[in-house]
Amino acid sequence: MFSQIFFWLLGLAMLLVAGFVIRKAILAVVHYRGLRVVTCPETKEPVGVKVDTAHAALASLTDTSELRLKACTRWPERQDCDQNCVLQIAANPDSTRYWNILVDWYKGKPCAYCGTVFGKLEWSERKPAMVDAQQNLHEWLEVLPQNLPQILETHKPVCWNCYIAQSFRRQHPDLVVERKYHYIGLK
Ligand SMILES: [Zn+2]
């Protein structure tokens with residue numbers, strides 16, 4: 001009877017430890033997954049990178065915060081670099097995330113065409129677009145991560161509805177009846 005209870009308790013303890021370990025590894029994967037934009041220490045220019053999340057998960061189990069990259073827009077040419085940019089990710093895991101940079105950029109800004117002010121973007125929403133000084137429209141996914149900081153300085157946000165309307169207007173000018181538009185910052 002006593003030995004049965006002992007084995008039950010031992011099994012429970014092992015399950016708890018396994019649960020703790022798995023949870024820690026999953027949290028590390030969630031924390032470091034996704035595309036990021038950092039400044040390359042070598043060139044001082046922006047680069048797009050991805051953290052090796054499998055390695056980050058293993059490192060979290062040994063209580064080391066060591067990170068390494070799985071991909072970089074400067075690879076394969078500079079695949080042998082010392083990956084010092086991971087220090088930026090370790091110091092700012094949220095603000096280096098490509099998605100978060102875009103969310104922060106849109107938030108509180110008006111659409112360049114209709115003036116609707118953007119709130120916090122959600123994954124499930126249709127992704128907005130952007131427009132440059134020559135009024136060329138760009139989809140969000142077109143932007144290469146290494147170009148993102150410069151794009152955000154020179155473009156204005158465009159909501160999904162205006163992106164579709166403007167794209168249609170440009171593709172089928174003969175089918176569009178012009179009405180007065182309230183441009184925000186555009187002529
Ligand atoms: Zn709009």
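In sequence, the donor residues that hold the zinc ion follow the spacing C-x2-C-x44-C-x2-C. That pattern brings together distant parts of the chain, since cysteine 111 and cysteine 159 are 48 residues apart. Please keep in mind that this is a predicted model. Below is a short tour of the zinc site, the paired strands, the cysteines and the salt bridges.

**The zinc site**

- Four cysteine sulfurs coordinate the zinc ion at 2.3 Å: the SG atoms of Cys111, Cys114, Cys159 and Cys162.
- The site of the zinc ion is tetrahedral, with angles of 102 to 114° among its 4 donor atoms.
- To find cysteine 111, look in the loop between α4 (98–106) and β4 (129–131). Cysteine 159 sits in the loop between β6 (156–158) and α6 (160–171).
- Both cysteine 111 and cysteine 159 are buried.

**The paired strands**

- Strand β1 (residues 35–39) and strand β2 (residues 46–51) run antiparallel and are joined by 5 bridges. Within this pair, arginine 36 stands opposite valine 49 in β2.
- β1 and β2 form a hairpin, with 6 residues between the two strands. Lysine 44, in the turn, has a positive phi of about 65°.
- β2 also pairs with strand β3 (residues 69–72), again in the antiparallel sense, over 3 bridges. Here lysine 50 stands opposite alanine 71 in β3.
- As background, side chains in a regular strand alternate between the two faces of the sheet.

**Cysteines and disulfides**

- A search of the whole structure finds 0 disulfides.
- Why is there no bond between cysteine 81 and cysteine 85? The closest cysteine sulfur to that of cysteine 81 is in cysteine 85, and at 6.2 Å it is too far for a bond. A disulfide would need the two sulfur atoms to lie within 2.5 Å.
- Cysteine 81 counts as partly exposed, because its relative accessibility is 23%. Cysteine 85 counts as buried, because its relative accessibility is 5%.

**Salt bridges**

- Side chains of opposite charge can pair when their charged atoms come close. In this structure, a search of the whole model finds 4 salt bridges.
- Arginine 74 and glutamate 42 meet through their side chains in a salt bridge of 3.1 Å, N to O. Arginine 74 lies in the loop between β3 and α3 (86–91) and glutamate 42 in the loop between β1 and β2, so this pair ties together parts that are 32 residues apart in sequence.
- Glutamate 42 also forms a salt bridge with arginine 78, where the closest N and O atoms are 2.4 Å apart. Arginine 78 lies in the loop between β3 and α3, so its pairing with glutamate 42 ties together parts that are 36 residues apart in sequence.
- Glutamate 42 is partly exposed, with a relative accessible area of 46%. Arginine 74 is partly exposed at 22%, and arginine 78 is partly exposed at 24%.
- Glu42, Arg74, Arg78 and Asp80 are linked in a network of salt bridges.
- Arginine 68 forms a salt bridge with aspartate 52, with the closest N and O atoms 3.4 Å apart. Arginine 68 is in the loop between α2 (53–61) and β3, and aspartate 52 is in the loop between β2 and α2, so the pair ties together parts that are 16 residues apart in sequence.
- Is arginine 68 buried or partly exposed? Arginine 68 counts as partly exposed at 41% relative accessibility, whereas aspartate 52 counts as buried at 16%.

Conventions
Residues are numbered from 1 along each chain as its sequence is written. This is a predicted model: local features need pLDDT of at least 70, side-chain atom pairs count only at pLDDT 80 or more; totals for chains, interfaces and linings use all residues. Side-chain values use heavy atoms; hydrogens and water are left out. Donors are N, O and S atoms within 2.8 Å of the metal (3.2 Å for Na, K and Ca); water is not among the atoms, so sites may look incomplete. Four donors count as tetrahedral if all angles lie between 85 and 135 degrees; four count as square planar and six as octahedral if opposite donors are over 155 degrees apart and all others between 65 and 115; anything else is irregular. Helices (H or I, at least four residues) and strands (E, at least two) are DSSP runs, numbered from the N terminus. Buried means under 20% relative accessible area, exposed over 50%, partly exposed in between (1.4 Å probe, protein chains only). Two strands pair if DSSP finds at least two bridges between them.
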